[in-house]
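This report describes the strand architecture and selected residue environments of a single protein chain.

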Amino acid sequence: MSKDITAPEIPTAVVGESFLASCSFAEVLDSGETLASVVSATEKTTSDLTIASAAVSAAALTISGQSVDIGEAVQMLISGHLVANSPYTVTVTVTTSSTPAQTRIRNFQFEVVAP
């Protein structure tokens with residue numbers, strides 16, 4: 001049985017806008033472990049998106065009503081969704097601060113609606 005690696009949050013974007021997306025890894029990190037770096041953030045479903053500035057969170061965040069500590073999420077600027085083609089899926093790969101470092105992968109989904 002495979003484990004679902006999809007992040008629980010599913011934000012909504014409007015066609016034509018760019019938005020700062022946040023993907024939590026809090027549920028998959030060990031106690032005291034944080035994210036060290038973002039290896040990649042790539043679109044899985046189409047080739048519509050531009051994903052820029054993917055980075056480990058430098059501040060505590062609230063994602064879908066849940067508090068996420070510093071270093072436990074990835075933020076990225078997403079643009080290019082020209083049609084209401086939902087859901088879009090972005091696969092985010094990170095390394096962690098543990099010794100030895102782990103590699104963690106999450107699928108991040110978001111909906112797109114017409115203006």
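## Strands, sheets and a salt bridge

Five of the six residues of β2 are buried, so this strand is largely enclosed by the rest of the structure. Buried here denotes a relative accessible area under 20%, exposed denotes over 50%, and partly exposed lies in between (1.4 Å probe, protein chains only). Strands are DSSP runs of E with at least two residues, helices are runs of H or I with at least four residues, and both are numbered from the N terminus.

The model is predicted: local features require pLDDT of at least 70 and side-chain atom pairs count only at pLDDT 80 or more, while totals for chains, interfaces and linings use all residues. Residues are numbered from 1 along each chain as its sequence is written, and side-chain values use heavy atoms, with hydrogens and water left out.

**Overall form.** The protein has zero helices and nine strands, and its elements run β-β-β-β-β-β-β-β-β from the N terminus on. Its radius of gyration is 14 Å, close to the 13 Å given by the globule rule for 115 residues, so the protein is as compact as a globular protein of that length. That radius is taken over C-alpha atoms, and the rule is 2.2 Å times the number of residues to the power 0.38. Along the principal axes, the C-alpha atoms fill a box of roughly 45 × 30 × 25 Å.

Of the 115 residues, 35% count as buried. The protein exposes about 6200 Å², of which carbon and sulfur atoms supply 52%; accessible areas come from the Shrake-Rupley method with a 1.4 Å probe, and for residues only the protein chains shown count as cover. Among contacts (heavy atoms within 4.5 Å) between residues at least 6 apart in sequence, 69% join residues at least 24 apart.

**The three-stranded sheet.** Strand β2 belongs to an open sheet of three strands with the order β2-β7-β4 and antiparallel pairing. Two strands pair if DSSP finds at least two bridges between them. β2 and β4 stand at the edges with a single partner strand each, so one side of each is left without a neighbour in the sheet. Neighbouring strands of this sheet are turned by 25° against each other on average, direction ignored. Such angles run from 0 to 180 degrees between N-to-C directions, with axes fitted as lines to C-alpha atoms.

Six bridges join β2 to β7 (residues 73–79), and five bridges join β4 (residues 50–56) to β7. Individual partners in this sheet, together with one pair from β8 and β9, are listed below.

| Residue | Partner residue | Strand of the partner |
|---|---|---|
| C23 | V74 | β7 |
| S24 | A73 | β7 |
| I51 | I78 | β7 |
| V90 | F108 | β9 |

**The four-stranded sheet.** An open sheet of four strands has the order β1-β9-β8-β3, and its pairing is mixed. Its edge strands, β1 (12–14) and β3 (35–43), each pair on one side only. Here the average turn between neighbouring strands is 35°, direction ignored. Within the sheet, β8 (residues 88–96) and β9 (residues 103–113) pair in the antiparallel sense over eight bridges.

T93 lies in strand β8 and is buried, with a relative accessible area of 13%. Leaving aside neighbours within four places in sequence, T93 is in contact with V38, V39, S40, T103, R104 and I105.

**The salt bridge.** How many salt bridges are counted in the model? The count comes to one, where a salt bridge is a side-chain nitrogen of Lys or Arg within 4 Å of a carboxyl oxygen of Asp or Glu. The side chains of E27 and R106 form it, at 3.8 Å from N to O. This pair links distant parts of the chain: E27 is in the loop between β2 (19–24) and β3, R106 is in strand β9, and the two are 79 residues apart. E27 counts as exposed at 60% relative accessibility, whereas R106 counts as buried at 4%.
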